[in-house]
Amino acid sequence: LIGIGLVALVIGLATKGLSSDEHEQAHFWGTLMYNTIFWTMICNASMFFICATTLAMGGWEQTFRRVCEAISTMVPIFGSITFVVLLYVVLGNKHHIYHWLDSDAVANDSLLKGKSGFLNPKFFIIWTTLTLGFWSLLGWRMRQLGNEADEPMDAEQGASFIWRGTIRAALFIVWFALTVGSTVPWLWMMSIDAHWYSTMYSWYTFASSFVSGMSLIALWVIYLKNKGYLELTNQEHLQDLGKFMFAFSIFWTYLWFAQYMLIWYANIPEETVYFKHRVQGPYKGIFFLNLIINFVCPILILMKRSAKRNYTLMTFMAVLILFGHWIDFYQMVMGSLSKEHVTLGWLDFGILSLFVGMMIYFVGKSLASKPLVQKHHPFIKESVIHVV
């Protein structure tokens, strides 16, 4: 997969990325943007899951927590690629991607001028650096603390362990809320349509990345179970993972509908411009396929208790949800960069292969580097006896 991806990357760079045609450049860099942003955010969702359950004093996930930690190790790797791509786009003055990079256009546009306080290269680069830096640092600190659970600890050490974990998890959650729940989706993706905005855009992006992150965790858990590992993880844990996949598919749909319905109902030109070519233009098929994959399939298949305990169905749904939300990120970015025609083709699937291959390789390497179960975690018993 990595080999296929590298070949696609090189060919794409030669034929599109370095082309004199701005549309070809936008196609190449846009494809890199939505892929690297998507994979960075869903891997970061694994650390969010760890921190959220830590703050909730939840112990049910302890038997497979190392899977979440291993996935989160991809944040510095994918985050570095994201940083390089975004830095090139901004410093390279690719105003056909970010219109607000064109100083002449900003000077003659009252809307762009009004947003220039935050839609400018300096603010963009500083906030992107802080975002990716603190995601990586705070996630690393949580993983380092988790390593202590591989060694025996007495009651006092256990209490200290839980307290320090709570503090670190709280710091991560606060930073996560300020970035994923607010500014980052605005800067990285929504600002491609600099004249348009949605107050639900960040929540929509969060829901998409989190349900994909839970699906990725479920895939790795099932894979390891089939290989004879994670002996303390059972169908009870898998059902709860399935609940998250089901629940956040519905939450994503709620945001999808709320954002679309309010704009459709108001029918204000400066708002409908975002949906016009997605609903009535060339992206119509992808736009509604997105809804079928990410809502209709989960609600029909994952609603039953038995489905969430079935390895085959859970694997199928996890792959389908990951693909569906990858398509969602595609239409969010490329639907704004190439409004006249759908660009989905060999380059998109080639770059996807690269990121999937890297994820498999590095997550597998991380899983092999330490015990798969934190046997001395104070909450491990709660996970072992967990019953849904």
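This passage walks through the largest pocket, a nonpolar surface patch, the salt bridges and two unusual backbone angles of a predicted model.

The pocket makes a good starting point. The largest pocket has a volume of about 370 Å³. Its lining is made up of 20 residues, and those closest to the pocket centre are H99, I192, D193, S336 and K339. Three helices give two or more residues each to this lining, namely α2 (22-55), α11 (269-279) and α13 (311-337). In terms of chemistry, the lining of the largest pocket divides into 10 nonpolar, 6 polar and 4 charged residues.

On the surface, attention turns to a nonpolar patch. Five residues, I126, L130, F134, L137 and W140, together make a nonpolar surface patch of about 440 Å². One of them, I126, sits in helix α7, which spans residues 121-147. The relative accessibility of I126 is 44%, so this residue counts as partly exposed. Because residues of a patch need over 30% relative accessible area, the 44% of I126 satisfies that condition.

The salt bridges come next. The count in this model comes to 8 salt bridges, and three of the pairs are described here in turn. In the pair formed by E69 and R66, the closest N and O atoms are 3.0 Å apart. Both residues belong to helix α3, where a spacing of 3 residues places them about one turn of the helix apart. E69 and R66 are both buried. This pair is also part of a wider arrangement, as R65, R66, E69 and D150 are linked in a network of salt bridges.

A second pair joins E148 and R164, whose side chains meet in a salt bridge with an N to O distance of 2.9 Å. E148 lies in the loop between α7 and α8 (155-188), whereas R164 lies in helix α8, so the salt bridge ties together parts that are 16 residues apart in sequence. E148 has a relative accessibility of 36% and therefore counts as partly exposed. R164 counts as partly exposed too, with a relative accessibility of 26%.

The third pair consists of D240 and K243, which meet through their side chains in a salt bridge of 3.4 Å, N to O. These two residues are 3 residues apart in helix α10, which means that about one helical turn separates them. The two ends of this bridge fall into separate accessibility classes. D240 is buried, since its relative accessible area is 10% and buried means under 20%. K243, with a relative accessible area of 35%, is partly exposed.

Finally, the backbone holds two residues worth a look. M57 is not a glycine, yet its phi is positive, at about 55°. The position of M57 is in the loop between α2 and α3 (65-72), and its relative accessibility of 43% makes it partly exposed. L230, likewise a residue other than glycine, has a positive phi near 50°. L230 is found in the loop between α9 (201-226) and α10 (235-266). Whereas M57 is partly exposed, L230 is buried, with a relative accessible area of 1%.

Notes:
Residues are numbered from 1 along each chain as its sequence is written. This is a predicted model: local features need pLDDT of at least 70, side-chain atom pairs count only at pLDDT 80 or more; totals for chains, interfaces and linings use all residues. Side-chain values use heavy atoms; hydrogens and water are left out. Patches are made of residues with over 30% relative accessible area and no salt bridge: like charges are joined within 9 Å, nonpolar side chains (Val, Leu, Ile, Met, Phe, Trp, Tyr) within 5 Å. Accessible areas come from the Shrake-Rupley method with a 1.4 Å probe; for residues, only the protein chains shown count as cover. A salt bridge is a side-chain nitrogen of Lys or Arg within 4 Å of a carboxyl oxygen of Asp or Glu. Helices (H or I, at least four residues) and strands (E, at least two) are DSSP runs, numbered from the N terminus. Buried means under 20% relative accessible area, exposed over 50%, partly exposed in between (1.4 Å probe, protein chains only). On a 1 Å grid over the protein atoms alone, a cavity is a set of points where a 1.4 Å probe fits but cannot get out, and a pocket is an open set with protein on both sides within 12 Å along at least five of seven lines; lining residues have an atom within 4 Å of a point. Grid points are joined across faces, edges and corners, and a volume is the space filled by probe spheres set on the points. Ala, Val, Leu, Ile, Met, Phe, Trp, Tyr, Cys and Pro count as nonpolar, Asp, Glu, Lys and Arg as charged, and the others, Gly among them, as polar.
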